[in-house]
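Please look over the sequence and the model shown here before reading on. The report that follows describes the fold as a whole and then turns to selected parts of it.

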Amino acid sequence: MREGGIAFEDVGFSYWRGKEGAVMESFNLSIRPGEKVGLVGRSGAGKSTLVNLLLRLFDVEAGSIRIDGQDVREVTQESVRAAIGLVSQDTSLLHRSVRENIKYGRQTATDEEMIRAAEQAKVAEVIEGLLDPRQRRGYDAHVGERGVKLSGGQRQRVAIARVLLKNAPILILDEATSALDSEVEAAIQEQLTSLMQGKTVIAIAHRLSTIAAMDRLVVMDAGRIVEEGTHAELLARGGHYAQLWERQSGGFLDLDTKVDAAE
Ligand SMILES: Nc1ncnc2c1ncn2[C@@H]1O[C@H](COP(=O)(O)OP(=O)(O)O)[C@@H](O)[C@H]1O
Ligand SMILES: [Mg+2]
């Protein structure tokens, strides 16, 4: 699983087996190695489910998911996870030192590599100023319970540093910058863009402007793909995506944001 090609083949899935309302039925999507795909769709469309299935947090009920031709059910969950770098909207960190948290991406990394990743994720300065209740400082400071409480944005940046260090062939960004203020986001966006080079990418974002430049946008609704194409193609088409794009105010997807905030 080094190339990073992904194929969903006739995938069927529901969270509550046997009950009404499959999240996906006969879902098909293939992503070429190195292709960058943006997933678009209102809250509940099935974007995160797709990611959960790829990570094998759940197994499909029908069909299969393949990475480089290999059915993810036929390999260990560890090797699937090793092929994937993930930054999601709710990043939980280990209740350990910052150093361990970043090196979790790649245990064999040197301190220099770890610090470089923290710098790229614009979190090095924050870390240098940390002091936990047991007087451990900087990268040695522990986070979480009995440690330093980091803000959502800071946790997200530590997660980005971790993924930068991991350097896996597949990169999944599920609202990867949602907890960051726009200034920090703009600074990190550059790093994420360079991180994407040569990798297969699946990116989900409320701010359509952050994914508009992807090779292909896949628009989902109720677990199905309703449109796909480049940003320009989809705008020209005047359909679902064009409508979502139009509804954006100040770079945000108004409707979606409201729904999420109520969750
Ligand atoms: N852990 C879960 N258990 C039960 N239902 C879920 C779970 N996660 C998501 N769902 C349901 O699956 C559907 C797709 O959700 P999701 O993949 O999270 O959508 P999106 O990421 O596009 O907002 C929704 O109807 C949602 O309520
Ligand atoms: Mg989601």
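The text below moves from the overall architecture to the core, the ligand surroundings and a few individual residues.

**Overall architecture**

The structure is a predicted model, and the protein in it contains 10 helices and 10 strands. Its radius of gyration is 19 Å, close to the 18 Å that the globule rule gives for 263 residues, so the protein is as compact as a globular protein of that length. Measured out along the principal axes is not the only way to view the fold, but on that basis the C-alpha trace spans about 55 × 45 × 35 Å. Of the 263 residues, 39% count as buried. Among the contacts with a separation of 6 or more, 68% are accounted for by residues 24 or more positions apart.

**Domains**

The chain is divided into domain 1, made up of residues 1-83 + 171-181 + 196-263, and domain 2, which covers residues 91-167. The C-alpha centres of domain 1 and domain 2 lie 28 Å apart. Where the two domains meet, four residues of domain 1 are in contact with four residues of domain 2, and the side of domain 1 that touches domain 2 has three nonpolar, no polar and one charged residues.

**The nonpolar core**

The largest nonpolar core has 69 residues, and I160 and A161 are those with the most contacts inside it. Helix α6, residues 152-166, provides the largest share of this core, namely seven residues. The core also draws at least three residues from each of domain 1 and domain 2. Leaving out residues up to four places away in sequence, A161 touches I102, A117, A118, A121 and V123.

**Surroundings of ligand 1**

The residues around ligand 1 are Y15, V23, G41, S43, G44, A45, G46, K47, S48 and T49. Sorted by class, this shell has three nonpolar, six polar and one charged residues.

**Three partly exposed residues**

R99, D68 and A242 are taken together here, and the table sets out one C-alpha to C-alpha distance for each of them.

| Pair | Separation in sequence | C-alpha to C-alpha distance |
|---|---|---|
| R99 and A118 | 19 residues | 9.8 Å |
| D68 and R32 | 36 residues | 9.2 Å |
| A242 and H231 | 11 residues | 8.8 Å |

R99 lies in helix α3, residues 98-103, and is partly exposed, with 19 other C-beta atoms within 10 Å; a residue counts as buried if 20 or more such atoms lie within that distance. Leaving aside neighbours within four places in sequence, R99 is in contact with M114, Y139 and D140. A118, the partner of R99 in the table, is also one of the residues that A161 touches.

D68 is placed in the loop between β4 (62-67) and β5 (70-71), and with 16 C-beta neighbours inside 10 Å it counts as partly exposed. When residues up to four places away in sequence are not counted, D68 touches M1, R2, E3 and G5.

A242 is found in helix α9, residues 240-247, and is partly exposed, with 16 other C-beta atoms within 10 Å. Apart from neighbours within four places in sequence, A242 is in contact with L234, L235 and R237.

**Two residues with positive phi**

Which backbone values stand out in the loop between α5 and α6, where R146 lies? Phi of R146 is near 60°, a positive value in a residue other than glycine, and phi of Q135 is near 65°, again a positive value in a residue other than glycine. Q135 lies in the loop between α5 (124-128) and α6. With 8 C-beta neighbours inside 10 Å, Q135 counts as exposed, and R146, with 10 C-beta neighbours inside 10 Å, counts as exposed as well. The helix that follows this loop, α6, is the one that gives the largest share of the largest nonpolar core.

Definitions and conventions:
Residues numbered from 1 in each chain as written. Chains lettered and ligands numbered in written order. Predicted model: local features only at pLDDT ≥ 70, side-chain atom pairs only at ≥ 80, totals over all residues. Core = buried A, V, L, I, M, F, W, Y, C linked by C-beta atoms within 7 Å. Buried ≥ 20, exposed ≤ 12 C-beta atoms within 10 Å, placed from the backbone. Helix = DSSP H or I, 4+ residues; strand = E, 2+ residues; numbered from the N terminus. Domains from an automatic or database assignment. Contact = placed C-beta atoms within 7 Å. Rg over C-alpha atoms; globule rule 2.2 N^0.38 Å. Near = placed C-beta within 6 Å. Nonpolar A, V, L, I, M, F, W, Y, C, P; charged D, E, K, R; others polar.
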